[in-house]
Amino acid sequence: MSNLGEHFKLNLENGKSKKDCIFQGQKYRITVLTERLIRLEYSQEGIFNDNLTQLVINRNFNPPVFEVKEDDRYLQIDTKYFRLEYTKEKNFDGGKMLPLSNLRISLKETDKVWHYNHPEVRNYKGNYVSFDGTDNDRKQRNGLYSLDGFASIDDSNSMLFNESGELTEKTTKGIDTYLFMYNKDFYLALQDYFKLTGFPPLIPRYALGNWWSRDYEYTNDDINELLEDFTKKGIPLSVLLFDEAWHKTINEDNTKKKTGFTFNNDLIKEPENLLKDLHTKNIRVGLNINPIEGIGKDEENYQSVANEFGISDGKTIAFDVKNYSLLNSYFKNIINPLESKGIDFFWNDWKENDKDTKNLWLLNHYYTYDTLKDKSKRELILARNSLIASHRYPISYSGKTLVSWEILRKIPMYNQISSNIGVSFWSYDVAGNFGGVEEAELYIRSIQLATFSPILRFSASRGKYYKREPWRWDVKTLEVARDYLSLRHKLIPYLYTESYRYHKFGMPLIRPLYHSLPWTYDDVNYSNQYYLGEEIMVAPILNKKDLLMNRTVHKFFIPEGTWYDFKTGKKFPGNKGYISFYKDEDYPYFVKNGAIIPLAKDIENNNTNSPKEMEIHVFPGQNNTYNLYEDDGITSLYKEGYHLSTSIDYNYLPSNYTVIIRSIDGKNGIVPEFRDYKIKFRNTKKAEKVTAYYNDTVIETKSYVYDNDFIVELKKVPTVGQVTINCKGTNIEIDAIRVINDDIDSILSDLPINTVLKEKISVIVFSSISVKKKRIEVRKLKRYGLSKEYIKLFLKLLEYIEQI
């Protein structure tokens, strides 16, 4: 017995299902877990498993509602979602000729029927290990989302947990399958999956900020200079992630050294002081770790491990994650001392092929569970996806990716695929890691996509020409990068709340548009759109711009309802497709009418602490409530009730609207005692009367109009209690419907064309004549000197107008 520690143990009693939900014969056992989820076991030896597995850590579900009919030969089970029909003791597999002859499970209110070994070809996939290198077409495993409305997961070959938290191979053969029959209720099925496999951990708040990493031999001076540059350029930073060069990377024989556990003192002097200084700057630190080459004699704590195993000849101690005595010593003598120095989390850089991820899974599991020993920390690891219940081990790492537009185009798809199996936290190299061509436009579009992704992490290979630092680009690129990296930190209150909803209720941060509109999956214009949390929809830009108009021509779909471009406030009536023209600094992210988006106004410490100043954006059109979640952001005390939930209610009438901010659950002392609020009523004129109360006491406000928004400011308001702001006026909502003519006029204004000629073009394009006649008139402008390339451009713009 290895004595791994109490924090590695699982409650084995949770492996047992309720007896009333189990139907068992000599060779079969069928368990109804929920109205949508059923477990199917078949064993020739009649041996069935109640152990917890790599996949399953809970089967102790409350009994669902179901009906049973059975006799000596047949079993029929009915729930709201499915009907199971089984000929007792028969093998679940009826063979290729009659697959439904022994076991038939029908999805109610459809013509869909599942049988054992069903091909499930309409499954939209859900998992992959990584896409290291240039070959990114990795094998994708099935997920839960399927157009059939059902999906199965095979747990027949998983390893089993014992009472110490160790894993052993299964010694018996048989079928152990979990079948989800959900029809159109995918998110309910996902909740069932999380109840079965464990809900995702709540990651620390700092993980939602900007990460920096590159394969570079940083010294103390280099790190200080890097942080000074971030500060001088006004760019917030949350995480410093050391690549492998934090330790020595060359062996005595001049070969490359992958494994190391000791800071290279030739580079990093007094690492404890450096890490302490970084923490005072609200920067958290991760380390690249890969034990694949074992523990060498030059490691700081080698002797402690060697003594435990009676090794006295100085030989390298081979690493074996399945040797639990060694694993215990590894954490105690190697990993925990690094944490004592101030390391916050680890980047497990273990890499295997896609066919064998067992060691990767074991490492991810034990690294994650080792953090449970310390309430001052949370479960967090950066590692390649180990496929089995990988949502329990955030954050999944893409591997080192190529610098290319092709990789950028794949990221939304991979994020969405992962959502199909409940994995939200994927981390990709912003703008790629190696190879390719450094382009300002690719760099900008990569940052923008990362801003609206679960994790934003810079990383680059060695080489002075990889420009990941924003200040190494031209002034415009720097400005755009700064704006979006700052926006990322402003979004942390929203992202953290959505991360809590993911942890608590199983709602993914990324939800593909095709989950609600399945037809968009096959439309190349719309298939990459997704929801980021409850309130924001993103239509990512993944293609290069038209150099002549200096804009990206972008098509997107607006779902039912009224939506607003978050940045401009332009209104988009829903249930239709649009074409827009985006400059480098613009990006298509939208919110629905009534949306409430809480942002941090002070972004310096927002990555680790709840903000003292908040900016809440409220969009007109309908009532809404958003529940803001906050805690200390770092420790596990939130599990003991140390958190605060604040309801933001928006009661909308066209000329009379109210925002109520009130604490509804939790404890005092979790967030700042007082807070400044800046409420931005979007697309709203100045109200004639504004009143505000804290509980029953009138409080002062400052109100004014900025652009198309009406702003109300409140200073030093207690965070516990109720704040009420009421605004009244007449016709105060601005109807800012987006018109394509505005886009065309903006393009025309920016083009380097003779001004008189621009006037002629404007008269033609914005006239009431038919598009066909407009084309004729544009071609005639050749006689006035309009070049062929510009004639072609305006003919293309007229084509877009005609489409709309």
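A charge sits over a ring if NZ of Lys or CZ of Arg is within 6 Å of the ring centre and within 35 degrees of the ring normal. Keep that in mind as you look around this predicted model, where two arginines fit the description.

| Arginine | Ring beneath the charge | Distance to the ring centre |
|---|---|---|
| R511 | Y187 | 6.0 Å |
| R682 | F566 | 5.3 Å |

**Helix α7**

Let's turn to helix α7, which runs over residues 405–419. With 15 residues at 1.5 Å a residue, the helix should span 21 Å, and its end C-alpha atoms lie 23 Å apart, so the two values agree. The helix is not straight throughout: α7 bends by about 30° at I411, and the proline P412 follows within four residues.

How many of the residues of α7 are buried? The count is 12 of 15, so to speak of this helix as mostly covered is fair, since buried means under 20% relative accessible area. Both I411 and P412, at the bend, are among the buried residues, as are W405, Y414 and S419. As for neighbours, the buried residues of α7 pack against α1 (186–197), β19 (426–427), α8 (440–451) and β21 (510–512).

**Aromatic pairs**

Rings also meet other rings here, with 68 aromatic pairs in the structure. In one of them, Y330 and F331 have ring centres 5.6 Å apart and planes at 65°, so the pair is edge-to-face. Both of these residues, Y330 and F331, are buried. They also belong to a cluster linked by ring pairs, whose members include F8, F261, F319, W350 and Y367.

Technical notes:
Residues numbered from 1 in each chain as written. Predicted model: local features only at pLDDT ≥ 70, side-chain atom pairs only at ≥ 80, totals over all residues. Heavy atoms only, no water. Helix = DSSP H or I, 4+ residues; strand = E, 2+ residues; numbered from the N terminus. Expected span 1.5 Å × (residues − 1). Bend = angle between axes of the 7 residues up to and from the residue. Buried < 20%, exposed > 50% of the residue type's maximum accessible area, 1.4 Å probe, protein only. Contact = heavy atoms within 4.5 Å. Phe/Tyr/Trp six-rings, centres within 6.5 Å; stacked < 30°, edge-to-face > 60°.
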